[in-house]
Amino acid sequence: MIEYVYIMTYRQIKRFIRAKSRIAGTLINNILWLLFFGLGWAYTLRGQQFQVLFKGLDYLAFLLPATFATSIFQTSFMGGISVIWDKQFGFLKEVLVAPAPRSLTILGRALGDSIVSIVNGMIMLAFGFGLTSKLNPVGLPLAIAMGLVMALGFTSMGIAIASAMTSPEGFQLIVGTITMPMTLLSGSMFPINMAPQWMQILALISPLTYAVDLCRYYLTGVSLLDSMYPWLNHGTELLLLLITSLALIIVAMRMFERTTIE
Amino acid sequence: MEYDITVENLVKRYGSIEAVRGISFTVSRGEIFGFLGPNGAGKTTTIHILTTLLKPTAGKATVAGYDVVKEPDKVRRCIGVVFQDPSLDLNLTGYENLFIHGRLYGLNGQRLREKIEEALKFVELWEFRDKEVKSYSGGMRRRLEIARAMLHTPKILFLDEPTIGLDPQTRAHIWDYIRELRRSYGTTIFLTTHYMDEAEILCDRIAIIDHGKIIAMGTAEELKSMLSSDIVYVKLEHLNGEVCSKISLEGIKNCRVVEGNTIALQVRKASEAIPAILQLLDRLEIRVLEVSYRRPSLNDVFIHLTGREIRDSEASPAETMRMRHRARVR
């Protein structure tokens, strides 16, 4: 059983390590974003009066833990595109005709892509620890564990969508359309509890919002969602995230089982 | 007689198009069985159904004794497949491709390592095992796919156009591997091809398929004896378009213009027909440059059955796309 999961994880990670230019591209992108966006706003909002907005945090300490979650989200979700490449280059047929259960090979695939996106997020976070001293390293193991849960959910979401599609362009279009609003609404860049009510409701539909808030909670001890609804503490958030991820994994398995080569 | 593949009235419909229109055949254990036909005849569709990737619209098929619709998992365990289009992971090495394949088929450890070495040596790719498949030539990739398909020593091997787009030497090479596979492991082999020579050289039995139907089946000799005739080639000084209509001799079944100024005539017995043909052409004042004859080929059989040549049959748009895709990938 587990060997079928393992072998596809192995393949996804091997492929990632081979794609050196892609790794470099993602890294450079992330660093530039942190520097220009992060530092830019951090300097703009450096006065004491602004820290009230972030429940006592400065902007960098507010932003950096959230970037860990959003970068995992983006790479995980985009990871589904490899299913489409495999359709185009034929490798998918090799997997579909093998006796290994499809639900397990797809789980291995999701796990492989999740590990890749967590590594990516951790590189991002390493820069974060370099930029500010206000992050608490004790929360790191919890943040990473939570990262794995969300990564599995979002890679599954990508895989489920990719299973039903044939062109990488179409997939990119969908991913682009979903990624942007989810990232903005997640409260990663501004405190979502200050936003209009209707935006807050939209934000609470998206599981990324919980992931961002949890990550911030683990690394700084500050949660913004519980100031919107007191019952929305970190325990509830984690539970909601777990349920969503599990549901997405099951959907991905179902979708992939039904994939044909037509 | 034990059958490794049985197919009964198999039908596959895509919307209103019938790709496979009720075919039936059986393949015995250890046999090399070939589907010969033009592009778009339904060969690949049949392979996809037999390898459990497509569900048939109607009919029944068993592979290794298991129903392809009801027991796909059991079928998958018994078969190896080389698809017409490449299905390798180009970013991984040859060794890694085989390693992943082996694990997906439940092999591991020392046994898997030995199998990989054996398979890679069999197709003479052992020294390239640590190179990424991206850098392999078209022929090397095909060989790697064959090595991969035989890695788990399947009972039945499916080969969809195994030598399409390859140069003559590589093709001959791959034919050797296929024959060797049957000799060493007793593998039952089902292959599709649109090359007459390939079908004739490799297959114990051939089914000629056209427009989703099997129109003839038997050994190459049996198929050719359907015509019970020879083909006479006459090269003329000038080719007059209507020359065929003027040649009306008893015993000439078919006349067609082939390349250059040559016409091909299907006759019962060449040695008797040639003098008569020459006399007739002389009377018509048509100058003859060369005359030759040969036994009919499978192509002649195909023409006899369908009225056109295999290579004349136009590629469908999907086929053209695939060829272009292949050109880009390789």
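Cys215(A) is a good place to start in this predicted model: with a relative accessible area of 0%, Cys215(A) is buried, because anything under 20% falls in that class. Over in the other chain, Cys203(B) has a relative accessibility of 9% and therefore counts as buried too. If you are looking for cysteine pairs, a disulfide is a covalent bond between the sulfur atoms of two cysteines. Over all chains, the structure holds zero disulfides.

From here, let us turn to helix H3 of chain B, which spans residues 94-104. How many of its eleven residues are buried? Eleven of the eleven are, so the helix is largely enclosed by the rest of the structure. Walking along H3(B), you meet Gly94(B), Tyr95(B), Glu96(B) and Asn97(B), then Leu98(B), Phe99(B), Ile100(B) and His101(B), and finally Gly102(B), Arg103(B) and Leu104(B). What do these buried residues pack against? From chain A, the partners are helix H1 (2-18), helix H6 (91-96) and helix H7 (102-131). From chain B itself, helix H4 (109-122) and helix H5 (138-150) join them. Just after H3(B) comes Gly106(B), with a positive phi of about 80 degrees.

Since H3(B) packs against helices of both chains, it leads us naturally to the interface. Chain B brings 34 residues to the contact and chain A brings 25 residues. Between the two chains, about 2,800 Å² of area is buried, and carbon and sulfur atoms give 61% of that. Within chain B, the residues that lose the most area to chain A are Leu53(B), Arg103(B) and Leu104(B), which together make up 24% of what that side buries. You will recognise Arg103(B) and Leu104(B) from the list of buried residues in H3(B).

Charged pairs also cross between the chains. The count between chain B and chain A is seven salt bridges, and there are seven residue pairs in polar contact as well. Which elements of chain B supply at least two residues each to the side that touches chain A? They are strand S1 (3-14), helix H2 (72-78), strand S6 (79-82), H3 and helix H12 (317-329). H3(B) gives the largest share of that side, with seven residues. By character, the chain B residues touching chain A divide into 15 nonpolar, nine polar and ten charged.

For a single example of a bridge between chains, look at Arg148(B) and Glu94(A), whose side chains meet in a salt bridge at 3.3 Å, N to O. A network of salt bridges also includes residues of both chains: Arg11(A), Arg15(A), Asp86(A) and Arg109(A) are linked in it with Asp89(B).

Over all chains, the count comes to 33 salt bridges, and some of those within chain B deserve a closer look. In helix H2 of chain B, Arg76(B) forms a salt bridge with Asp73(B), with the closest N and O atoms 3.4 Å apart. These two are three residues apart in the helix, which means that about one helical turn separates them. Are the two partners buried or exposed to some degree? Arg76(B) is buried, with a relative accessible area of 9%, whereas Asp73(B), at 41%, is partly exposed.

Helix H4 of chain B offers another pair. Here the side chains of Glu117(B) and Lys121(B) meet in a salt bridge of 2.5 Å, N to O. Both residues lie in H4, four residues apart, or about one turn of the helix. Glu117(B) is partly exposed at 29% relative accessibility, and Lys121(B) is also partly exposed at 43%.

Our last stop is Arg171(B), which has its place in helix H6 of chain B, residues 168-185. The side chain of Arg171(B) meets that of Glu198(B) in a salt bridge (3.9 Å, N to O). This pair links distant parts of the chain, since Glu198(B) lies in helix H7 of chain B (residues 196-202), 27 residues from Arg171(B). Both ends are buried: Arg171(B) has a relative accessible area of 11%, and Glu198(B) has one of 0%. Which residues surround Arg171(B), leaving aside its neighbours within four places in sequence? In addition to Glu198(B), Arg171(B) is in contact with Thr163(B), Leu166(B), Tyr195(B) and Asp197(B).

Definitions and conventions. Residues numbered from 1 in each chain as written. Chains lettered and ligands numbered in written order. Predicted model: local features only at pLDDT ≥ 70, side-chain atom pairs only at ≥ 80, totals over all residues. Heavy atoms only, no water. Disulfide = S-S within 2.5 Å. Buried < 20%, exposed > 50% of the residue type's maximum accessible area, 1.4 Å probe, protein only. Contact = heavy atoms within 4.5 Å. Buried area = accessible area lost by both parts, 1.4 Å probe. Salt bridge = Lys/Arg side-chain N within 4 Å of Asp/Glu carboxyl O. Polar contact = N/O pair within 3.5 Å; in protein donor to acceptor, adjacent residues only side chain to side chain. Nonpolar A, V, L, I, M, F, W, Y, C, P; charged D, E, K, R; others polar.
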